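Hello,

Here is the structure we talked about handing over. Please open it first, then read my notes below.

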Amino acid sequence: MKNLNSVFAAYLVAWAIFFVYYVTVARRAAALREDLERLKESVTRPVDASAAANRGK
Amino acid sequence: MKKQAVGAAIVVLLLAAAAYAAFFIAPTDSKQGVIYRIIFLHVPCAETGLVAFFVCFAANVAYVLKRNAKWDWLGVSAAEVGLVFTTACLVTGPIWAKPVWGIWWTWDARLTSTAVLWLLYVSYLMLRSLVEEPERRALLSALFGIFAFIDVPLVFGSIRWWRTQHPQPVIMGGPGSGLDPTMLRVLLFCWVPMLALMVLLMQSRYRLEAMRGDLELVRREAEAA
């Protein structure tokens, strides 16, 4: 079974590349989702505040 | 989210089945011994990378013609995923080459054209990071992506047109080429999980890009308000 270690190494490295990429995409998506929520909140907040002010009149 | 998890589980099972077939079903090669089993990983990675670059090319052409951001999102997703598969191909190749050729790398037509392909798509992604304005970025990268795709037929044809250190093609290689029928079946089977993985990764990356598009839209609205 000469070179069996090399075959295992090739499989491990390739799978690691795919796994790391998948995790990277998931993390980038999570960070972006947070940014999007924060931005949406900051956009809607002034509108809410003016609506509340109008209701008070 | 649940659909995505089910998809990921199916891909993992398919990858495990492919590894089982590569190690236990395919017969050992009489000349190379056990090391040849890397082809069941290396070849599907290479071919899947080329398929992803073809998707990128088609999306780039569609963007130039229709100017719809969704084609840009698909283009960048396919380019990045193609790059991941090509990276895996470029890493597994030398692991096979060292025991068989005695060297990790040589500048023959196949290896060089693949390295150039990798660099071209790295440049494609770098170009995108340099342009701020979304429409301009999408158009410039689509045009560059169309240009970069010229290397794909060169990679495919390099072992057919020129004498190379890289082995001659085992699929679509013409008379005198080919594989043992069991090896060929295993090789084709090993390509299935790679294609499934490509679709899974591309979907995740596309969703990310779509979200980035939404973020840019909200940001512009916020700036305009």
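**Two helices that cross**

In chain B, helices H2(B) and H5(B) pack with their axes 9 Å apart, at an angle of about 135 degrees. Angles from 0 to 180 degrees are sorted into classes, and 135 is not over 145, so H2(B) counts as oblique to H5(B). Their crossing is left-handed. One thing to keep in mind throughout: this is a predicted model.

Which residues make this contact? From H2(B) come Cys56(B), Phe57(B), Asn60(B), Val61(B), Tyr63(B) and Val64(B). H5(B) gives Ala138(B), Ala142(B), Leu143(B), Gly145(B) and Ile146(B). By type, the residues of this contact are nine nonpolar and two polar, with no charged ones.

**Chain B as a whole**

Now step back. Chain B has seven helices and zero strands. Read from the N terminus, its elements run α-α-α-α-α-α-α. Its C-alpha atoms fill a box of roughly 70 × 40 × 30 Å along the principal axes. Of the 225 residues in chain B, 37% are buried. Look also at contacts with a separation of 6 or more: 77% of them in chain B join residues 24 or more positions apart.

**A closer look at H4(B)**

How far should helix H4 of chain B span? H4(B) covers residues 109–130, which is 22 residues. At 1.5 Å a residue, the expected span is 32 Å. The end C-alpha atoms of H4(B) are 31 Å apart, so the two values agree.

Next, find the buried residues of H4(B). They are Arg110(B), Leu111(B), Ser113(B), Thr114(B), Leu117(B), Leu120(B), Tyr121(B) and Tyr124(B). What do they pack against? The partners are H3, helix H5 (134–148) and helix H6 (151–161), each of chain B.

**Where chain B touches chain A**

Last, the interface. Here 31 residues of chain B are in contact with 27 residues of chain A. Three elements of chain B give two or more residues to this side: helix H2 (39–66), helix H3 (69–101) and helix H7 (181–224). Which of them gives the largest share? That is H7(B), with 14 residues. The residues on chain B's side divide into 20 nonpolar, four polar and seven charged.

So much for the tour. Try finding H2(B) on screen first: H2(B) packs with H5(B), and H2(B) also gives residues to the side that touches chain A.

Best wishes

Technical notes
Residues numbered from 1 in each chain as written. Chains lettered and ligands numbered in written order. Predicted model: local features only at pLDDT ≥ 70, side-chain atom pairs only at ≥ 80, totals over all residues. Contact = placed C-beta atoms within 7 Å. Helix = DSSP H or I, 4+ residues; strand = E, 2+ residues; numbered from the N terminus. Nonpolar A, V, L, I, M, F, W, Y, C, P; charged D, E, K, R; others polar. Buried ≥ 20, exposed ≤ 12 C-beta atoms within 10 Å, placed from the backbone. Expected span 1.5 Å × (residues − 1). Axes fitted to C-alpha atoms, helices over the stretch in contact; angles between N-to-C directions. Parallel < 35°, antiparallel > 145°, perpendicular 65-115°, else oblique. Left-handed = near helix turned anticlockwise from the far one by under 90°.
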